[in-house]
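Colleague: I should like to go through some local features of this model with you. Could we take them one at a time?

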Amino acid sequence: ERNCGPFYCRDLGPDGLRFAFLAAPHQCNSRGALHGGLLMTFADLVLAGTAVHGYPDEAAVTVSLTSNFTAAGTVGTLITGQANVSRRTGSMCFLTAIITADDQTLLTCTAVMKRMIRSRLIG
């Protein structure tokens, strides 16, 4: 996701995290709409960030990501994303997310994330 953004994140306290980016031409497909793969990359970031929010020693690895596209994003719009944890177990986190632009839903998704100790991914 570092090469796809820049993406931004704001901590909303008890309301979780909100992620955002300003849609740019390099993020679009040949028809000028935001590339679906980019929206899925952004959704994965939103889901993984939410999965580990409040757990500073953890990282999240995507096990499953199911996406449903409902509209196309366009250059110059602010794209936002927010996720909710449906269930958390000792090793997994189940989430839903919505990606929007100007109060219009672009993508909805569900995911299963594997919870990992961050030091095991780095070393």
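Modeller: Contact here means heavy atoms within 4.5 Å. Please bear in mind that the model is predicted.

Colleague: Which residues does Arg18 touch, not counting residues up to four places away in sequence?

Modeller: Arg18 is found in strand β2, which covers residues 17-22. With neighbours up to four places away in sequence set aside, Arg18 touches Tyr8, Cys9, Arg10, Leu12, Thr80, Gly81 and Gln82.

Colleague: With which side chain does the side chain of Arg18 make a polar contact?

Modeller: Gln82 is among the residues that Arg18 touches. A polar contact requires a pair of N or O atoms within 3.5 Å. At 3.1 Å, that requirement is met between the side chain of Arg18 and the side chain of Gln82.

Colleague: Is Arg18 buried, partly exposed or exposed?

Modeller: Buried means under 20% relative accessible area and exposed means over 50%, with partly exposed in between. The relative accessible area of Arg18 is 39%, so this residue is partly exposed.

Colleague: How many residues apart in sequence are the two partners of the salt bridge between Arg115 and Glu58?

Modeller: The structure holds 1 salt bridge. Arg115 forms a salt bridge with Glu58, and their closest N and O atoms are 2.5 Å apart. Arg115 lies in strand β6 (residues 104-117) and Glu58 in strand β3 (residues 58-69), so the pair ties together parts whose separation in sequence is 57 residues.

Colleague: Is Glu58 buried or exposed?

Modeller: Its salt-bridge partner, Arg115, counts as buried at 17% relative accessibility. Glu58 has a relative accessible area of 11%, and the cut-off for burial is under 20%. Glu58 is therefore buried.

Colleague: Why is the sulfur of Cys4 not bonded to the closest cysteine sulfur?

Modeller: A disulfide is a covalent bond between the sulfur atoms of two cysteines. The rule asks for sulfur atoms within 2.5 Å, and the count comes to 0 disulfides. The closest cysteine sulfur to that of Cys4 belongs to Cys28, and it is too far for a bond because the distance is 13 Å.

Colleague: Which cysteine holds the nearest sulfur to that of Cys109?

Modeller: Cys109 is buried, with a relative accessible area of 3%. Cys109 is in no disulfide, and the nearest cysteine sulfur, 13 Å away, is that of Cys93.

Colleague: The backbone oxygen of which residue lies 2.7 Å from a polar atom of the side chain of Thr77?

Modeller: Thr77 is found in the loop between β3 and β4, and is buried at a relative accessible area of 13%. Its contacts beyond four places in sequence are Phe21, Leu22, Ala23, Ala101 and Asp102. The backbone oxygen at 2.7 Å from the Thr77 side chain is that of Thr74.

Technical notes
Residues numbered from 1 in each chain as written. Predicted model: local features only at pLDDT ≥ 70, side-chain atom pairs only at ≥ 80, totals over all residues. Heavy atoms only, no water. Helix = DSSP H or I, 4+ residues; strand = E, 2+ residues; numbered from the N terminus. Buried < 20%, exposed > 50% of the residue type's maximum accessible area, 1.4 Å probe, protein only. Polar contact = N/O pair within 3.5 Å; in protein donor to acceptor, adjacent residues only side chain to side chain. Salt bridge = Lys/Arg side-chain N within 4 Å of Asp/Glu carboxyl O.
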